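Reader: Please take me closely through one part of this structure, the pairing of its strands, and then go on from there to the helices. I am in my first year, and I would like each step to be spelled out with care.

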Amino acid sequence: MCETCGCGVPSVHTIAVHERLLASNESIAEHNRLHLTTRKIFTINLMGAPGAGKTTLLEAMIRGRSRSGRFVVIEGDQATDRDSARIRLAGASAYQIETGLGCHLEATQIHHALHHLEFAGGETLILENVGNLVCPALFDLGEHLRVLVTAPTEGVEKPLKYPPIFRAADIVLLNKCDLIPYLSFDSGEWTEYVRGVNPRAAIFELSAATGDGLAAWLAELERRRFGFLGSDASVP
Amino acid sequence: MHEVALARGLLEIVERTLTPRDRRVVRVNVSIGAAAGIVSESLTFAFLAIAEGTRAQGAELVITTVPARSRCRACKTSYAFEGLIGRCPGCGCLGGELQSGNEMVLQTIEVADV
């Protein structure tokens, strides 16, 4: 109450905070990143709309015998363990997170999942986010690289309609390129929109179904991984 | 609905900032970038709902919008824009490097002792 006369009028004071709203998620993400970096586990946050072909791309990458170390996958879906079953069938170990009502993965879920997976060190860990072009953009998981998978079936204007997630990506993959002849999709126009939203993102066009363009993407992944590993490229 | 997760983060910071002397939160002041993709109404609604039963119950959430600015990738002009993406007023080029408008910060909390 009022300290001058005790009249009962509450005294209000202001506390300066100046902290980011997602500070708690970000500090857990930093913890994850430190853990993964120390163990030389190159980690990718794979984002994209439902049906963009994220899991099919992962299957192709695993089967493509990339030299980017052994793949380990953490799958995020609202429900079912179908995707982690597909990943295991393709030949990689996988852990499924069912997010229920959650529309994106958060750092604490990855932290929990890491305790359920075995690593020798030197693996490439892929965090397949919940299919969603909005929410995953905001949540750092502790990854080293953010990759957005998109497809020509989504239309040329997706970068303009969902700028934050295109802005958050280090690499944008245009999957399902084998379908372009059947669609009214202008790659040049789409590329221009991606560049407008994110001038720094590297863009790769490929098809997980036919394998076209996959080698170039895997070579880039390897280049990034070696950059991450630094001079110590002796890790398998 | 990432606003629910944001509201949760917000409440977490509020609760860990309050001291035992702080009885009730009157107002929470946050600044949100205009290009961050946050719906103010959703954030306010989510915060009201999850603050129930805490010292922040009934607190007013004041959201100040930080204008978005972009730097043109062609002519390097820095310009303000509305919406999630802009167009350079100098050369007409789309978008560019975001300079501000992506922030989400809890600035101050106003608390009462009664």
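Author: Two strands are said to pair if DSSP finds at least two bridges between them. With that in mind, and remembering that this is a predicted model, we can begin in chain B with strand S3, residues 68-71, and strand S5, residues 97-100, which pair in the antiparallel sense over three bridges. Within this pairing, B:Ser70 of S3(B) stands opposite B:Leu98 in S5(B).

S3(B) has another partner as well, since it pairs with strand S4 of chain B, residues 78-81, in the antiparallel sense over four bridges, and here B:Arg69 stands opposite B:Ala80. S3(B) and S4(B) form a hairpin with six residues between the strands, where B:Lys76 takes a positive phi near 65°. Taken together, the three strands of chain B form an open sheet in the order S4-S3-S5, with antiparallel pairing. The edge strands are S4 and S5 of chain B, each of which pairs on one side only, and neighbouring strands of this sheet are turned against each other by 35° on average, with direction ignored. The two faces of S3(B) are also worth telling apart: B:Ala68 and B:Ser70 lie on a covered face, while B:Arg69 and B:Arg71 lie on an uncovered one. If you look back at the partners, B:Ser70, the residue opposite B:Leu98, belongs to the covered face, whereas B:Arg69, the residue opposite B:Ala80, belongs to the uncovered face.

Strand pairing also links one chain to the other. Strand S1 of chain A and strand S6 of chain B, residues 104-112, run antiparallel and are joined by seven bridges, in which the partner of A:Ile15 is B:Ile109. This pairing belongs to a wider interface, where 30 residues of chain A are in contact with 32 residues of chain B. On the side of chain A that touches chain B, the elements that give two or more residues are strand S1 (12-20), helix H1 (23-38), helix H6 (163-168) and helix H7 (187-197), and the largest share, nine residues, comes from S1(A). Sorted by class, that side has 18 nonpolar, eight polar and four charged residues.

Helix H1(A), one of the elements on that side, also packs against another helix of its own chain, H4, residues 107-114, at an angle of about 35° and with the axes 8 Å apart. The crossing of H1(A) past H4(A) is left-handed. The residues that make this contact are A:Asn25, A:Ile28, A:Ala29, A:His31, A:Asn32 and A:His35 from H1(A), together with A:Ala107, A:Thr108, A:Ile110, A:His111 and A:Leu114 from H4(A). By class they are five nonpolar and six polar residues, with no charged ones.

Elsewhere in chain A, strand S2 is an example of a strand with both faces covered: A:Phe42, A:Ile44, A:Leu46 and A:Gly48 are buried on one side, and A:Thr43, A:Asn45 and A:Met47 are buried on the other. S2(A) pairs in the parallel sense with S5(A) over five bridges, and in this pairing A:Thr43 stands opposite A:Leu125. S2(A) also pairs in the parallel sense with S6(A) over five bridges, where A:Met47 stands opposite A:Leu148.

These strands lead us to helix H2 of chain A, residues 54-63, which is largely enclosed by the rest of the structure because eight of its ten residues are buried. Its buried residues, among them A:Leu57, A:Leu58, A:Met61 and A:Ile62, pack against strands S2, S3, S5 and S6 and helices H3 and H8 of chain A. With H3(A), the packing angle is about 15° and the axes are 9 Å apart. An angle under 35 degrees counts as roughly parallel, and therefore H2(A) is described as roughly parallel to H3(A). H2(A) passes H3(A) in a right-handed crossing. In this contact A:Thr55, A:Leu58, A:Glu59, A:Ile62 and A:Arg63 of H2(A) meet A:Asp83, A:Arg86, A:Ile87 and A:Ala90 of H3(A), and these residues divide into four nonpolar, one polar and four charged.

Notes:
Residues numbered from 1 in each chain as written. Chains lettered and ligands numbered in written order. Predicted model: local features only at pLDDT ≥ 70, side-chain atom pairs only at ≥ 80, totals over all residues. Buried ≥ 20, exposed ≤ 12 C-beta atoms within 10 Å, placed from the backbone. Contact = placed C-beta atoms within 7 Å. Nonpolar A, V, L, I, M, F, W, Y, C, P; charged D, E, K, R; others polar. Axes fitted to C-alpha atoms, helices over the stretch in contact; angles between N-to-C directions. Parallel < 35°, antiparallel > 145°, perpendicular 65-115°, else oblique. Left-handed = near helix turned anticlockwise from the far one by under 90°.
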